[in-house]
Amino acid sequence: MRTVLSNPESLVRPEVRQLVPYLTKHMPQCLRFDANENPFPWPAGMRESLYTEELAYNRYPDGMGGDLRNALAAYTETSAEGILIGNGSDELIQLILLTFGGLGKSVIIHPPTFGMYQIYAQLTNTKVVPVPLLNGVTLDTEKMLEAAKSPEAHVIFVCNPNNPTGSLFPREDILRLVRESGKIVVVDEAYAEFSEETLISEIENYPNLVILRTFSKAFGMAGLRLGYLLGQPDTIALINRVRPPFNVNSFSQKAGILALGYLEAYQMQVQIIREETKHMQEELSQLPDVVVYPTWANFILFKPIDPDGWADKLLKRGFLVRNMGGLPVLGKCLRMSAGLPEENKGLLRAIREISTESGQ
Ligand SMILES: Cc1ncc(COP(=O)(O)O)c(C=O)c1O
């Protein structure tokens, strides 16, 4: 039989050919301030409860995640029919674009913002229309509404608080987008437990408003990949059409249900993280020649004169912060999340040393 040698790359979809894989750093030897996670261990007793659960791992999980959705309905004070669970909120971003995006459609984003909107837009063949934040921090509502007039525009992503800037946008501005665009407005509230701002109560008023949430941040479950989407039941039912049937495993579903029973303990962690973030922000602001952006999340974006040099020097001292490279509008910046109080002290000490060394 004749073998035909084919070059797999020649068979790749054009939109994948241009794609650069999302680089994640795995450096367990470093203290990590790079991924906006909750640095605390789970509330006392939760891990033990999860491990003693009798889960039937030989069976598929509950595809609809019924118990978890009921628990989430109580937590968010909404109805279970208006909730969709995902393998991290990342997966839900993809499902939203598979439902409403695609060839000939566009999605409006406000750079600098969370990188996965653009990546999933590319993957789903959806055109990206960037409307940059004014000064890198303020939502340009007028321009976004202008862009939304295009019949191609189907989806608008608003990240609130915004990753990586930490900015919180006025509720009224977002609601204007919802009311006046007539398009699907996705408000990504991954950090809402820290900002204590949410548009959940507005869902009942607008079928085009969907809210993205995650267990990866305040709930400290980034490793279990669990996110959820809130919207009116009819809108959620549309997105449910493209969801893989067993997208969230049984273990993560159970962990999510358990976590919602430890809200008081999480609230205490969130309070400490908020205080630590504020303290770090104040300390950074005292350094000469460092621009610090106001934050409502558990991380801080800042801009020393030599961000690359600072990132390297911090890494040599064992602290991993996120080098944001060249952000649209803001250029090179660093982002660091709040760690445990002792870890933050060490990081701030290192930052002060580097600032003094570099004459900054
Ligand atoms: C704004 C925002 N949305 C979504 C995500 C993804 O979260 P998940 O871990 O639920 O996929 C992140 C993670 O960094 C984020 O910052």
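This is a chat about the ligand shell, strands, helices and backbone of a predicted model.

User: Which residues are closest to the ligand?
Analyst: Gly88, Ser89, Asp90, Thr214 and Ser216 are the closest, out of 13 residues that surround the ligand.

User: Which helix gives the most to that shell?
Analyst: Helix α4, residues 88-100, with three residues.

User: And how do the shell residues divide into nonpolar, polar and charged?
Analyst: Four are nonpolar, seven are polar and two are charged.

User: Thr214 was on your list. What covers the faces of β7? Is that strand buried or exposed?
Analyst: Both faces of β7 are covered. Leu209, Ile211 and Arg213 are buried on one side, and Val210, Leu212 and Thr214 are buried on the other. In a regular strand, side chains alternate between the two faces of the sheet. With six of its six residues buried, β7 (residues 209-214) is largely enclosed by the rest of the structure.

User: Parallel or antiparallel, how does β6 run with β7?
Analyst: Parallel: four bridges join β6 (residues 184-188) to β7. Within that pair, Val185 stands opposite Leu209.

User: And β8, parallel or antiparallel to β7?
Analyst: Antiparallel, also over four bridges; β8 covers residues 227-230. Here Arg213 of β7 stands opposite Tyr228.

User: Switching to helices. Which residues of α6 are buried?
Analyst: Thr141, Met144 and Ala148, in a helix that runs over residues 141-148. They sit on the same side of α6, because the arc they cover around the axis is only 65°.

User: What covers them?
Analyst: The cover includes β3 (106-109), β5 (153-159) and α7 (171-181).

User: There's another sheet further on. In what order do β9, β10, β12 and β13 come?
Analyst: The order is β9-β10-β13-β12, in an open sheet with antiparallel pairing. β9 (291-292) and β12 (322-327) are at the edges. Each has a single partner strand, so one side of each is left without a neighbour in the sheet.

User: How many bridges between β12 and β13?
Analyst: Four, in the antiparallel sense, with β13 spanning residues 331-337. Asn323 stands opposite Leu334 in β13.

User: What does α12 touch on that sheet?
Analyst: Helix α12 (residues 307-316) touches β10 (299-303), β12 and β13 as it packs on the sheet. Its direction makes about 30° with that of β13.

User: Backbone oddities next. Which bond is cis at Pro112?
Analyst: The peptide bond from Pro111 to Pro112, with omega near -5°. Pro112 is in the loop between β3 and α5 (116-123). Another cis bond joins Asn160 and Pro161, where omega is about -5°. Pro161 lies in the loop between β5 and α7. For context, most peptide bonds are trans, and most residues other than glycine have a negative phi.

User: What is phi at Asn125, and where is that residue?
Analyst: Phi of Asn125 is near 65°, which is positive in a residue other than glycine. Asn125 is in the loop between α5 and β4 (127-130). Asn125 has 15 other C-beta atoms within 10 Å, so Asn125 counts as partly exposed.

User: And Asp289, buried or exposed?
Analyst: Exposed, because Asp289 has 12 other C-beta atoms within 10 Å; the limit for exposed is 12 or fewer. Asp289 is not a glycine either, yet has a positive phi of about 60°. The place of Asp289 is the loop between α11 (263-285) and β9.

Note on methods:
Residues are numbered from 1 along each chain as its sequence is written. This is a predicted model: local features need pLDDT of at least 70, side-chain atom pairs count only at pLDDT 80 or more; totals for chains, interfaces and linings use all residues. A residue is near a molecule or strand if its C-beta atom, placed from the backbone, lies within 6 Å of it. Helices (H or I, at least four residues) and strands (E, at least two) are DSSP runs, numbered from the N terminus. Ala, Val, Leu, Ile, Met, Phe, Trp, Tyr, Cys and Pro count as nonpolar, Asp, Glu, Lys and Arg as charged, and the others, Gly among them, as polar. A residue is buried if 20 or more other C-beta atoms lie within 10 Å of its own, exposed if 12 or fewer, and partly exposed in between; C-beta atoms are placed from the backbone. The arc is that of the directions from the helix axis to the C-beta atoms. Two residues are in contact if their C-beta atoms, placed from the backbone, lie within 7 Å. Two strands pair if DSSP finds at least two bridges between them. Axes are lines fitted to C-alpha atoms, for helices over the stretch in contact, and angles run from 0 to 180 degrees between N-to-C directions.
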